[in-house]
Amino acid sequence: MNIHFSKGRSGKKVNKVVVHYNAGDLSIDGCYSVWQTREASAHYQVESGGRIGQLVWDSDTAWHASNWDVNCSSIGIEHANKADGTITEACLDAGAHLVAAVCKYFGLGRPQWLVNVFPHKYFAATSCPGQIYGSQKDAYIQRAQKWYDSMVGGAQAPSGGTSSKPSTPSTKYAIGQHVVFSTCYTSSTAPNSEAIAAANMARNHGTITRIVSGAKNPYLLDNGLCWVNDGDIRGFYNGSSSAMSARQFALEVWNEGKHGTGETREAEAKRLGVDPDEAQRLINILAAGGKI
Ligand SMILES: [Zn+2]
C-alpha cells in the first residue's frame, strides 16, 4: 500500500494477530484497489485459492482493527470468503499457516483464540471475521496449532484426529483477581530491562483479565493497563475503590452467610480481589464478638 497505513509501530511491539474476512471474495489486487479509496488496510490478504499477498509491511501499522492501540500491536490478516461467510479449505489452510508463522516469528507462542489470535469482532462491533470465528472457529485455530507445532519441532504436535486442547501450565494468580504491582510491562514478552515502575503508572493495581500461560509477563491487567509477572505482584488489592474490601467481604460472610466456607470461601475471596487471609482475620474478630 502507498496510503492508508502508518509508518512504524508507535513504539509498540507486535503481540497479537487479528483475523478478518473480506465480507466478499476478493483477490490481493482487489483488496489493494478497495483500500485506495477506503481508509483501511491489513498486512495480508489470503485468497480463496490459498494465495497470500502482503499489502503492508509487518514493521508498519495497518488500519484494520478499529482501534489504534490494537493496530499498533497486531498483524492483520484478511481472508476472502464465500457468500455464507465461510472460507474455503485452501484459504483456511493458508491463513492458519500464516497465523502460525506470525506467532512463531514474533514469539507469541502457540496460536490460541483470545490469547494471541483475535477475531476482529473482539475489538469492535462487527460481523468480521464471519464464520472463521463461527462454524470454522475450532478448525481454523487447530490448523494453526498444527502448523505451529510442525514449525517448532513437533514438541506439542496434536495426535491425529483428536481435538487438540493445549495444556495450560498453571499460574500462581487467576483471572478476576485484583492485584497490586510494583513494576509492570507494555507486553507479555517485554524483558526486565523494560520494566516500568508502578509509580510511573496511573495506578499500581488492576484486575487480571487475561493470562498467557508460559509468557514472561503472563498477566494482563484491566484489559490493557499493563502486563505483570509473579515477581511484579506484591499481593492482593485491599482498597475500596474497585475491588471488594476485605472488611465488606468479612461482614457479608458473618452477617449474611454469603461466600461459603473453607476452600470455597478462599476461592470466592480471590475471585473478588480480596486477600483471603485478611478476610479470615476480620471474620475471626467478628466471630469473637469484636468490631471491624
Ligand atoms: Zn475485520
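Two residues are in contact if their C-beta atoms, placed from the backbone, lie within 7 Å. Helices (H or I, at least four residues) and strands (E, at least two) are DSSP runs, numbered from the N terminus. The model is predicted: local features need pLDDT of at least 70, side-chain atom pairs count only at pLDDT 80 or more, and totals for chains, interfaces and linings use all residues. Residue numbers start from 1 along each chain as its sequence is written.

**Exercise 1. State which residues of helix H5 meet which residues of helix H7, and describe the packing.**

Step 1. Ala246, Arg247, Phe249, Ala250, Val253 and Trp254 of H5 meet Glu278, Ala279, Leu282, Ile283 and Leu286 of H7.

Step 2. By class, this contact of H5 with H7 holds 9 nonpolar, no polar and 2 charged residues. Ala, Val, Leu, Ile, Met, Phe, Trp, Tyr, Cys and Pro count as nonpolar, Asp, Glu, Lys and Arg as charged, and the others, Gly among them, as polar.

Step 3. H5 (residues 246-256) and H7 (residues 276-287) pack at an angle of about 50°, and their axes are 8 Å apart. H5 is therefore oblique to H7. Axes are lines fitted to C-alpha atoms, for helices over the stretch in contact, and angles run from 0 to 180 degrees between N-to-C directions. Angles under 35 degrees count as roughly parallel, over 145 as roughly antiparallel, 65 to 115 as roughly perpendicular and the rest as oblique.

Step 4. The crossing of H5 and H7 is right-handed, meaning that the near helix is turned clockwise from the far one by less than a right angle.

**Exercise 2. Describe the packing of H3 on H4.**

Step 1. Helix H3 (residues 89-105) packs on helix H4 (residues 137-151) at about 50°, with the axes 8 Å apart. That angle makes H3 oblique to H4.

Step 2. The crossing of H3 and H4 is right-handed.

Step 3. The H3 residues Leu92, Asp93, Ala96, His97, Val99, Ala100, Cys103 and Lys104 meet Ala139, Tyr140, Arg143, Ala144, Trp147, Tyr148 and Met151 of H4. This contact divides into 11 nonpolar, 1 polar and 3 charged residues.

**Exercise 3. Give the strand order of the sheet that has mixed pairing, and place H3 on it.**

Step 1. The open sheet of 5 strands has the order E4-E3-E6-E2-E7. Two strands pair if DSSP finds at least two bridges between them.

Step 2. Strand E4 (52-54) and strand E7 (117-119) are the edges, each pairing on one side only.

Step 3. Strand E2 (residues 16-19) and strand E6 (residues 74-79) run parallel and are joined by 4 bridges; Val19 stands opposite Ile77 in E6.

Step 4. H3 lies across E2, strand E3 (44-46), E4, E6 and E7, running at about 175° to E6.

**Exercise 4. Trace the antiparallel sheet through its bridges.**

Step 1. The order of this open sheet of 5 strands is E13-E12-E11-E8-E14. Strand E13 (226-228) and E14 have a single partner strand each, so one side of each is left without a neighbour in the sheet.

Step 2. Strand E8 (residues 178-181) pairs with E14 over 3 bridges, and Phe181 has Ile233 as its bridge partner in E14.

Step 3. E8 also pairs with strand E11 (residues 205-211) over 3 bridges, with His178 partnered by Thr207 in E11.

**Exercise 5. Decide where the model should not be read in detail.**

Step 1. The chain averages a pLDDT (the predictor's confidence in each residue, from 0 to 100) of 88.

Step 2. Residues 155-168 stay under 50. Where pLDDT is low, the predicted coordinates should not be read in detail.
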